[in-house]
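Please open the model in your viewer and keep the sequence panel visible. The tour proceeds by selecting one group of residues after another.

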Amino acid sequence: MSAVDRHHTIVESAATAPVLVWADEAATAAFAAYWAKQPELAHAFIALHGDLGAGKTTLVRHLLQALGVTGRIKSPTYAVVEPYELPALNIWHFDFYRFNDPREWEEAGFRDIFASPGLKLAEWPDKAANVLPVADVTLHLRTLDDNRREVTLSPGTARGQALVASALEARA
Ligand SMILES: Nc1ncnc2c1ncn2[C@@H]1O[C@H](COP(=O)(O)OP(=O)(O)O)[C@@H](O)[C@H]1O
Ligand SMILES: [Mg+2]
């Protein structure tokens, strides 16, 4: 039994949109550690939906730490994007909550970022829906209670399908 298996259970598993439950933040961290090991994650675009407090930033922090980011990981709400440079990987953490000027897409270089190799993680992607490309995986996070989060994983590309499959293999 893997560490991830002990912490989350699949409550429903449709062909394209499995639903996981993370029992506590440790389960979220275990999922992040497992996902970070998947080669398909390196150049993926992951869209993160969910209400305030659902755990979008928390998941990103655990993913970044699992990928080797050290030091402070701040929420990019005011900057819209926080970049991270690892020796072998560039990562961009977006929070589009305050994104309302589509010109910023060009002027701030966001189009160039999404055309570059590297991992892109985006909170509030619906606020930039008309400019963002198709996400490899769209996650919907929902608060069940203080510690439990329900997570729906929807693949948007072949790479995303591999990533969703690996999320399920974590239990095998
Ligand atoms: N299973 C869980 N996964 C993620 N966060 C959790 C979990 N259980 C409790 N939390 C807490 O919920 C809060 C989520 O906040 P945050 O990640 O900033 O949400 P968001 O970015 O979606 O607004 C954090 O305080 C975190 O510690
Ligand atoms: Mg957040």
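Select Leu63 in this predicted model. Beyond its neighbours within four places in sequence, Leu63 is in contact with Ala32, Trp35, Ala36 and Leu121.

Next, add Ile46, Leu48, Leu121, Val137 and Leu139 to the selection. Together with Leu63, these residues touch the most other members of the largest nonpolar core, which has 42 residues. Which helix gives the most to this core? Colour helix 2, residues 25–36: it contributes six residues.

Now turn to the strands. Select strand 3 (residues 45–49) and strand 7 (residues 137–143); they run parallel and are joined by four bridges. One pair to display is Ile46 with Val137, its bridge partner in strand 7. Both Ile46 and Val137 were among the core residues selected above.

Keep strand 7 and add strand 8, residues 149–155. Do these two strands run parallel or antiparallel? Strand 7 and strand 8 pair in the antiparallel sense, over seven bridges. Within this pairing, Leu141 stands opposite Val151 of strand 8. The two strands form a hairpin, with five residues between them.

Finally, select ligand 1 and the 16 residues around it. Thr28, Gly55, Lys56, Thr57 and Thr58 come nearest to the ligand. Two elements give two or more residues each to this shell: helix 2 and helix 3, the latter spanning 56–67. To finish, colour the shell by residue class: four of its residues are nonpolar, seven are polar and five are charged.

Conventions:
Residues numbered from 1 in each chain as written. Chains lettered and ligands numbered in written order. Predicted model: local features only at pLDDT ≥ 70, side-chain atom pairs only at ≥ 80, totals over all residues. Pairing = 2+ DSSP bridges. Core = buried A, V, L, I, M, F, W, Y, C linked by C-beta atoms within 7 Å. Buried ≥ 20, exposed ≤ 12 C-beta atoms within 10 Å, placed from the backbone. Contact = placed C-beta atoms within 7 Å. Near = placed C-beta within 6 Å. Nonpolar A, V, L, I, M, F, W, Y, C, P; charged D, E, K, R; others polar.
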